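Thank you all for coming; I would like to walk you through one model this morning, slowly, and with the picture in front of us. Please keep the structure open while I talk, and stop me whenever a residue is hard to find.

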Amino acid sequence: MQKQLAILVLFIVFSTRASAQSETFYKTDKVGEKYAYVDVIRTYEKVAAKGYKSVDLFQKLGNSSYSNCELEKAAEWYSELFALTTDLDPVYYYRYAESLRSISENEKADALIEKLKRKPKTSIKSKV
C-alpha cells in the first residue's frame, strides 16, 4: 500500500511541475506588417533579363517554372542552363526533356534522354 501511495505522490509532484512551466508566445502579426513581400522568382527573372548568367540562377528559375507547371518557361530556363554547362545532375536532364516534350520538341527531348542514359547512375528517383 505504501508503494502505491509513494508512486501516486511522485506522479502528482511531476505532473504539477510539468504543467507549471509557462509557454512563450511570439507575436508575428505585427512583424509581418512591417516587411514587404518579395517575389524572389520575379527578381531572378529581372536579373536574368539584364544579362546576368549563372548555373545557380537558371537552375532556380527552371525548377520554379517546372514546379509551377509552366513548362514552356521551364524549357527556356533549362535551355539557358544547358548552354552554360552539361555537367548537371540527371534530374535536370529529365526535367528539361519533360519541358521540351510539353512544347512538342520531341527530337531534342529524345536526345537528352539518350544523354541521360549514358550518364553514370545516381539516385535520380530521390531527386525527381
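**Helix pairs, aromatic rings and two loops**

Let me begin with a crossing, because H6 passes H7 in a left-handed fashion. Before going further I should say that what you see is a predicted model, and that everything I report was computed from it.

Staying with this pair, helix H6 covers residues 90–102 and helix H7 covers residues 106–118, and the two pack at an angle of about 165°, with their axes 8 Å apart. H6 and H7 are therefore roughly antiparallel to each other, the cut-off for that description being an angle over 145 degrees. On the H6 side, the residues that take part are Pro90, Tyr93, Tyr94, Tyr96, Ala97, Leu100 and Arg101, and they meet Asn106, Lys108, Ala109, Asp110, Leu112, Ile113, Lys115 and Leu116 on the H7 side. If we sort the residues of this contact by class, we find 10 nonpolar, 1 polar and 4 charged.

Now let me step back to the chain as a whole. It has 8 helices and 0 strands, and the order of elements from the N terminus is accordingly α-α-α-α-α-α-α-α. Of the 128 residues in the chain, 23% are buried. If we take the contacts between residues at least 6 apart in sequence, 43% of them join residues that are at least 24 apart.

The next pair of helices to look at is H3 with H4. Helix H3, residues 40–49, packs on H4 at an angle of about 130°, and the axes are 10 Å apart. That angle makes H3 oblique to H4, and the crossing of these two helices is left-handed. Ile41, Tyr44, Glu45, Val47 and Ala48 in H3 meet Leu57, Phe58, Lys60, Leu61 and Ser64 in H4, and by class this contact holds 7 nonpolar, 1 polar and 2 charged residues.

While we are in H4, which covers residues 55–67, please find Ser65. Is Ser65 buried or exposed? Ser65 has a relative accessible area of 2%, and so counts as buried. Once its neighbours within four places in sequence are set aside, Ser65 is in contact with Glu70, Leu71, Lys73, Ala74 and Trp77.

Trp77 brings me to the aromatic rings, of which a search of the whole structure finds 5 pairs. One of these joins Phe58 and Trp77, and the pair is stacked, with 6.0 Å from centre to centre and 25° between the planes. Phe58 lies in helix H4 and Trp77 in helix H5, residues 71–84, so the pair ties together parts that are 19 residues apart in sequence. Phe58 is buried at 2% relative accessibility, and Trp77, at 14%, also counts as buried, since the cut-off for that word is under 20%.

A further pair is formed by Tyr78 and Tyr92, and here the arrangement is edge-to-face, with the centres 6.2 Å apart and 65° between the planes. Tyr78 is in helix H5 and Tyr92 in helix H6, 14 residues apart, and the pair thus links distant parts of the chain. Both of these tyrosines, Tyr78 and Tyr92, are buried. They also belong to one aromatic cluster, which is formed by Tyr78, Phe82, Tyr92, Tyr93 and Tyr96. You will recall Tyr93 and Tyr96 from the contact between H6 and H7.

Finally, I would like to turn to backbone angles in two of the loops. As a general point, most residues other than glycine have a negative phi. Which residue in the loop between H4 and H5 deserves a look in this respect? Cys69 is found in that loop, and although Cys69 is not a glycine, its phi is positive, at about 60°. With a relative accessible area of 66%, Cys69 is exposed.

The loop between H6 and H7 holds Ser104, which is likewise not a glycine and has a positive phi of about 65°. Ser104 counts as exposed, at 59% relative accessibility, the cut-off for exposed being over 50%.

That is where I would like to stop, and I am happy to go back to any of these places on the screen.

Conventions. Residues are numbered from 1 along each chain as its sequence is written. This is a predicted model: local features need pLDDT of at least 70, side-chain atom pairs count only at pLDDT 80 or more; totals for chains, interfaces and linings use all residues. Side-chain values use heavy atoms; hydrogens and water are left out. Axes are lines fitted to C-alpha atoms, for helices over the stretch in contact, and angles run from 0 to 180 degrees between N-to-C directions. Helices (H or I, at least four residues) and strands (E, at least two) are DSSP runs, numbered from the N terminus. Angles under 35 degrees count as roughly parallel, over 145 as roughly antiparallel, 65 to 115 as roughly perpendicular and the rest as oblique. A crossing is left-handed if the near helix is turned anticlockwise from the far one by less than a right angle, and right-handed if clockwise. Contact means heavy atoms within 4.5 Å. Ala, Val, Leu, Ile, Met, Phe, Trp, Tyr, Cys and Pro count as nonpolar, Asp, Glu, Lys and Arg as charged, and the others, Gly among them, as polar. Buried means under 20% relative accessible area, exposed over 50%, partly exposed in between (1.4 Å probe, protein chains only). Rings of Phe, Tyr and Trp (its six-membered ring) pair if their centres lie within 6.5 Å; planes under 30 degrees apart count as stacked, over 60 as edge-to-face and the rest as tilted.
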